[in-house]
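I set out to look through one chain, beginning with its overall layout and then turning to a few local features. These are my entries in the order in which I made them.

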Amino acid sequence: MTSTTELAVVVLAAGQGTRMRSRVPKVLHPVGGRPLVGHVLDTAASLDPARIVVVVRHERELVAETVAELAPGVIVVDQDEVPGTGRAVEAALGALEGFEGDVLVLSADVPLLETGTLTELLATHRTGGTAVTLLSARVDEPFGYGRILRDDADGVRRIVEQKDATADEAAVTEINVGVYVFRSAPLRAQLALVGTDNAQGEKYLTDVIGLLRDAQLGVAASVTSDASAALGVNDRVQLSEAGRTLNARTVRRWQLEGVTVVDPATTWIDTTATLAPDVTILPNTHVRGATVIGSGSTIGPDTSLVDCEVGEDATITRSDATLAVVDSGATVGPFAYLRANARVGVRGKVGTFVEIKNSSIGEGSKVPHLSYIGDTDIGRGVNLGAGAITANYDDIAKHRTVIGDEVHSGSHNVFVAPVTIGDGAKTGAGAVIRKDVPAGALALSVAPQRNIEGWVEKNRPGTAAADVAARARAEQEAADGS
């Protein structure tokens, strides 16, 4: 572990990210359930530094607010109107006055770097005794990245940005990842000498490399073996590539911890989710947000869980759930929809084409099919017949329905809230329940059936229905006459 007195981390999050073509700042685009900058802050914190400084500029308030939520206690500083990474680091150094250790510079759009890679970089830097050690990678498609130019002795001569590179320089495949470890004193001294005389009119941090070399203060580059993890996100294509890489890493981690993932290629698990051993994830399933899944549960196929809590040995099939709780042994789906504050109790059942919102389904209770349950409390051992509807909204306010223990309802019931169904009560098919039902009562709302003979022939003459009705009537009359 790095000593907290030896290291400060600077995270560069000031860029606009024009290639994203988005109203959302680039560093706030999510992968794996967290913004890009969130992954970088997590990695920075894992190094246990003395301080973490985040430099912001574009959409300053939004980025600063997100950083404060993700990592309370991080120092946020503003870059002024002078553009460039060099100017951003200068702003950060102002917040590190008096700090004399090493300064690790990270980019908020490089989300996949792992703690081990940075720990090795720090060790290489301190062993080598150089003023700066930078992280590089060799890639097949270097376009858009700064190139590492080396001398005849294979030492780092300088870094050239894409727009300033000659044709020969642009052909170099070793790129600058944008991760550096500097000794703070030479960094401060040489950064003050950097100007903006380049194609972009920016103050480049990379120009410090040449100045440190000219001052014979020592420059080294450490080539990472995991080039894909070192690449930044500059557009939506790279965002999706980073997402796939991170997801593959996440799925593999859970597999090694005892989770069965039948088809990793179609399974997406956010880094913020938690899965217990012996969970099974079937194809085309998304486990998102802060979802927690208990041991022995089976999720999927074709299921999406967002910020849900699933107990042990539950089954959720071809369903969508957000901010819901599914207790141990419960079953959900197929084709169920659990909305916010839905809770399915122990061994409860929510069946096919059922929507649950802001309601609790008690232990062992069943809502098997074709139902809407909103703003409802259902007790233990309840069985609701097909087509149950809780009419919870009167166009002004929402009202609750309370259904006691061991209630059995007939098919196609409507419960008009506010209404309470007592323990052990029964309701008949087609009932519209507008008044409270006492415990143990049978509730019916049945009107006598009335048949109007000859209505179709009289009111729909010439139709196929009228014709067949007339024939049937004639046949019946003939049969009666015989």
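I began with the centres of domain 1 and domain 2, which lie 48 Å apart when taken over C-alpha atoms. The assignment gives domain 1 as 7-230 and domain 2 as 257-443, the bounds coming from an automatic or database domain assignment.

Before going on I noted that this is a predicted model, in which local features need pLDDT of at least 70 and side-chain atom pairs count only at pLDDT 80 or more, while totals for chains, interfaces and linings use all residues. Residues are numbered from 1 along each chain as its sequence is written, and side-chain values use heavy atoms, with hydrogens and water left out.

For the overall dimensions, I found a radius of gyration of 33 Å for the protein chain, where a compact globule of 482 residues would have one near 23 Å (taken over C-alpha atoms, the globule rule being 2.2 Å times the number of residues to the power 0.38). Along the principal axes, the C-alpha atoms fill a box of roughly 120 × 50 × 45 Å.

I then listed the secondary structure, which comes to eleven helices and 37 strands (DSSP runs numbered from the N terminus, helices being H or I of at least four residues and strands E of at least two).

Next I looked up Thr285, which has its place in strand S16, residues 285-288. Is Thr285 buried or exposed? Thr285 counts as buried because its relative accessibility is 0% (buried means under 20% relative accessible area, exposed over 50% and partly exposed in between, with a 1.4 Å probe and protein chains only). Leaving aside neighbours within four places in sequence, I noted that its contacts include Trp268, Gly300 and Pro301, contact meaning heavy atoms within 4.5 Å.

Following Pro301, I saw that the peptide bond from Gly300 to Pro301 is cis, with omega near 0°, and that Pro301 sits in the loop between strand S18 (298-299) and strand S19 (303-306). I also recorded a cis peptide bond from Gly333 to Pro334, with omega near 5°; Pro334 lies in the loop between strand S24 (331-332) and strand S25 (337-338).

Last, I checked backbone angles and found that Asn341, although not a glycine, has a positive phi of about 65°. Asn341 is placed in the loop between S25 and strand S26 (343-344), and it counts as exposed because its relative accessibility is 52%. Asp313, likewise a residue other than glycine, has a positive phi near 60°, and I located Asp313 in the loop between strand S20 (309-310) and strand S21 (315-316).
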